[in-house]
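Hi,

Here's the structure I promised to pass along. Have a look, and my notes follow underneath.

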Amino acid sequence: MHDYGLFSGLLGSIMGLLGIVIAIVPFWKIFSKAGFSPWYSLLLIIPIVNIIVLFVLAFADWPALRQQKQPYEFGPQ
């Protein structure tokens with residue numbers, strides 16, 4: 001019989017890392033566009049913490065939007 005343990009373990013590890021990268025890259029961009037540190041996207045790897053991070057991202061005041069809400073000053077300065 002053939003032993004596929006090493007191959008399946010290696011393939012599983014590669015697929016797991018690929019899944020992590022696919023999850024992290026878009027949230028890296030979302031965090032940076034929202035004005036947060038993109039390093040927060042690494043918290044999505046940790047179970048339970050990832051749900052908390054998504055709720056914080058969804059309901060927090062985004063620093064990028066806060067900067068847009070600054071009133072414009074017209075007239076002589």
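First the ground rules: this is a predicted model, so local features need pLDDT of at least 70, side-chain atom pairs count only at pLDDT 80 or more, and totals for chains, interfaces and linings use all residues. Residues are numbered from 1 along each chain as its sequence is written, and side-chain values use heavy atoms, leaving out hydrogens and water.

I started with the loop between helix 1 (5-34) and helix 2 (49-59); helices here are DSSP runs of H or I, at least four residues, numbered from the N terminus. Ser 41 sits in that loop and is buried, at 0% relative accessible area (buried is under 20%, exposed over 50%, with a 1.4 Å probe and protein chains only). Beyond its neighbours within four places in sequence, Ser 41 is in contact (heavy atoms within 4.5 Å) with Ile 24, Phe 27, Trp 28 and Phe 31.

Ile 48 is in the loop too, but counts as exposed because its relative accessibility is 59%. Its phi is the odd bit: near 70°, positive in a residue other than glycine. Most residues other than glycine have a negative phi.

As for packing, the largest nonpolar core (buried Ala, Val, Leu, Ile, Met, Phe, Trp, Tyr and Cys joined through side-chain atoms within 4.5 Å) has seven residues: Ile 24, Phe 31, Ala 34, Phe 36, Leu 44, Val 53 and Leu 57. Helix 1 gives the largest share, three residues. Leu 44 touches Ile 24 and Val 53, among others further than four places away in sequence.

Cheers

Key:
Helices (H or I, at least four residues) and strands (E, at least two) are DSSP runs, numbered from the N terminus.
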